Amino acid sequence: MPEEDLVDIKFRLYDGSDIGPFRYSATSTVDMLKQRIVSDWPKGKTIVPKAVNEVKLISSGKILENDKTVGQCKVPFGDAAGGIIIMHVVVQPSLTKTKTEKKVDDSPRKIVCSCSIL
């Protein structure tokens, strides 16, 4: 594979720490990048993605789509010219796991009326 088809990417986490840099082929998908992030997530972090679908990658202010390749996303990255591309990682746990249910008070309520008829 030609050297120009490889891209160095590092992933910036919520606390300013990084994962990587790693070298990726231009044909690698964003989904593949996310899988690497989940598998290489540092131990001891307070926020930890449990699945790939909880991870969002942001580069140049845009959320990257899973089916896009690094080569397709390269244009918004600008001209890195041998530099390392930094992508920001956002962990967004699925709503079904983190949603706190409100307690519904189903008990009958007594209505008190303090009206008087003269």
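**Entry 1: Asp-40 and Arg-36**

I looked up Asp-40, which at 31% relative accessibility counts as partly exposed; I call a residue buried under 20% relative accessible area, exposed over 50% and partly exposed in between, with a 1.4 Å probe and protein chains only. Asp-40 forms a salt bridge with Arg-36, and 2.7 Å separates the closest N and O atoms. For a salt bridge I require a side-chain nitrogen of Lys or Arg within 4 Å of a carboxyl oxygen of Asp or Glu. Arg-36 is also partly exposed, its relative accessible area being 31%. I noted in addition a network in which salt bridges with shared partners join Lys-10, Arg-12 and Asp-18.

**Entry 2: basis and confidence**

The structure is a predicted model, in which local features need pLDDT of at least 70 and side-chain atom pairs count only at pLDDT 80 or more, while totals for chains, interfaces and linings use all residues. Residues are numbered from 1 along each chain as its sequence is written, and side-chain values use heavy atoms, with hydrogens and water left out.

I then looked up pLDDT, the predictor's confidence in each residue on a scale from 0 to 100. The chain has an average pLDDT of 79, and 69% of the residues score at least 70. Where is confidence lowest and where highest in the chain? Helix H3 (residues 95–98) is lowest, with a mean of 55, and helix H1 (residues 30–39) is highest, at 95. Helices (H or I, at least four residues) and strands (E, at least two) are DSSP runs, numbered from the N terminus. Where pLDDT is low, the predicted coordinates should not be read in detail.

**Entry 3: other salt bridges**

How many salt bridges does the rule count? The count is five. In one of them, Arg-23 is joined to Asp-8, with the closest N and O atoms 2.9 Å apart. Arg-23 belongs to strand E2 (residues 18–25) and Asp-8 to strand E1 (residues 6–12), so this pair ties together parts 15 residues apart in sequence. Arg-23 is partly exposed, at a relative accessible area of 47%.

I next examined Lys-45, which forms a salt bridge with Asp-15; their closest N and O atoms are 2.4 Å apart. This pair links distant parts of the chain, since Lys-45 is in the loop between H1 and E3 and Asp-15 in the loop between E1 and E2, 30 residues apart. Is Lys-45 buried or exposed? Lys-45 is buried, with a relative accessible area of 18%, whereas Asp-15 is partly exposed at 42% relative accessibility.

**Entry 4: strand E3 and its neighbours**

I turned to strand E3 (residues 55–59), whose covered face holds Val-55, Leu-57 and Ser-59 and whose uncovered face holds Lys-56 and Ile-58. Strands count as paired if DSSP finds at least two bridges between them. E3 pairs with strand E5 (residues 85–91) in the antiparallel sense, over four bridges, and Leu-57 stands opposite Val-89 of E5. E3 also runs antiparallel to strand E4 (residues 62–63), to which two bridges join it. There, Ile-58 has Ile-63 as its bridge partner.

E3 and E4 form a hairpin with two residues between them. Ser-60, in that turn, has a phi near 55°, which is positive in a residue other than glycine. As a further backbone detail, I recorded that the peptide bond from Gly-20 to Pro-21 is cis, with omega near 15°; Pro-21 lies in strand E2.

**Entry 5: the nonpolar core**

A nonpolar core is a set of buried Ala, Val, Leu, Ile, Met, Phe, Trp, Tyr and Cys residues joined through side-chain atoms within 4.5 Å. The largest one has 20 residues, and those with the most contacts inside it include Ile-9, Phe-11, Leu-33 and Ile-37. Which element gives the largest share of this core? E5 does, with four residues.

Ile-37 touches Phe-11, Ile-19, Val-55, Leu-57 and Val-89, leaving aside residues up to four places away in sequence; contact means heavy atoms within 4.5 Å.

**Entry 6: aromatic rings**

Rings of Phe, Tyr and Trp (its six-membered ring) pair if their centres lie within 6.5 Å; planes under 30 degrees apart count as stacked, over 60 as edge-to-face and the rest as tilted. This rule gives two aromatic pairs. Phe-11 and Tyr-24 pair edge-to-face, at 6.2 Å centre to centre with 70° between the planes. Both Phe-11 and Tyr-24 are buried. The ring centres of Phe-22 and Tyr-24 are 6.4 Å apart and their planes lie at 75°, so this pair is edge-to-face. Ring pairs thus link Phe-11, Phe-22 and Tyr-24 into a cluster.
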